[in-house]
Amino acid sequence: NEPMPYFSWGPIDGVLQVPALVNLPVGIAAMTVGDNILIAGVPAQTIRVYRMLLSTDAGGTLEFFSDTGAGTQLFGPLFLFAGGSIVLQPSGVPWMTTLAGEDFVMTSTLASALGGQIGYIQN
C-alpha cells in the first residue's frame, strides 16, 4: 500500500450540473382546453424548465409556450394517449426558457386531469 493524497469527486469534465431547482407539484383536477398557466411570469425574469414529469388521464395534445395567446412556442406538440406521460430528465441545460416577464403556459386539447412535477428556476 502507498499513501495517497485526499481528493474530492466532482463533476466530470464536460458534464453539466443541474442547478438548485424549485419543484412545483402539478395537480390540475379539471384542465382547461386551451391555455393553462403553469408558472406565472415575473417582470424582467425568465423561467427555465430543467425537468418535468406530467401524466394525464385522457388522450390529447399538449404544447408549451412563453406567454398566452400568440406566445413563442417552446416545446411540442406532444400527442398523448389516456394514461400517457411526458418525462424530461434533469439536465444542466434547460429544456425550455420563457422570454423575460412571460408566463410558462401549457396549451391543451384535452379537458382532463393532469398531474406531475416541474423543476425550474426563475431569475
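**Exercise 1. Determine whether T98 is buried or exposed, and describe its surroundings.**

*Solution.* Step 1: the relative accessibility of T98 is 2%, and T98 therefore counts as buried; buried means under 20% relative accessible area, exposed over 50% and partly exposed in between, with a 1.4 Å probe and protein chains only. The structure is a predicted model in which local features need pLDDT of at least 70 and side-chain atom pairs count only at pLDDT 80 or more, whereas totals for chains, interfaces and linings use all residues. Residues are numbered from 1 along each chain as its sequence is written, and side-chain values use heavy atoms, with hydrogens and water left out.

Step 2: T98 is placed in the loop between β7 (96-97) and β8 (104-108). Strands (E, at least two residues) and helices (H or I, at least four) are DSSP runs, numbered from the N terminus.

Step 3: apart from neighbours within four places in sequence, T98 has contacts (heavy atoms within 4.5 Å) with T46, I47, S66, L74, D103 and F104. For I47, the side chain of T98 reaches the backbone nitrogen at 2.9 Å.

**Exercise 2. State which strands pair with β4, and identify residues that stand opposite each other.**

*Solution.* Step 1: strand β4 covers residues 60-66, and six of its seven residues are buried.

Step 2: two strands pair if DSSP finds at least two bridges between them. With strand β5 (residues 72-80), β4 pairs in the antiparallel sense over six bridges. In this pairing, S66 stands opposite T72, and the bridge partner of T61 is F79.

Step 3: β4 also pairs with β8 in the antiparallel sense, over five bridges. Here E63 faces T107 of β8.

**Exercise 3. Give the strand order of the open sheet formed by four strands, and explain which strands stand at the edges.**

*Solution.* Step 1: the order is β2-β8-β4-β5, with antiparallel pairing.

Step 2: β2 and β5 each have a single partner strand and stand at the edges, so one side of each lacks a neighbour in the sheet.

Step 3: on average, neighbouring strands of this sheet are turned by 25° against each other, direction ignored. The axes are lines fitted to C-alpha atoms, for helices over the stretch in contact, and angles run from 0 to 180 degrees between N-to-C directions.

**Exercise 4. Locate the cis peptide bond, and find the residue with a positive phi that is not a glycine.**

*Solution.* Step 1: the cis peptide bond joins G76 and P77, with omega about 10°. P77 belongs to strand β5.

Step 2: A44 is not a glycine, yet its phi is positive, at about 65°. This residue, A44, lies in the loop between β2 (34-39) and β3 (47-56). With 71% relative accessibility, A44 counts as exposed.

**Exercise 5. Characterise the chain as a whole from its elements and dimensions.**

*Solution.* Step 1: the chain contains nine strands and zero helices.

Step 2: the radius of gyration, taken over C-alpha atoms, is compared with a globule rule of 2.2 Å times the number of residues to the power 0.38. The chain has 18 Å, whereas a compact globule of 123 residues would have a value near 14 Å. Along its principal axes, the C-alpha trace spans about 65 × 35 × 20 Å.

Step 3: of the 123 residues, 34% count as buried. Among contacts with a separation of 6 or more, 80% are between residues 24 or more positions apart.

Notes. A polar contact is a pair of N or O atoms within 3.5 Å; within protein, one must be able to donate a hydrogen and the other to accept it, and residues adjacent in sequence count only if both atoms are side-chain atoms.
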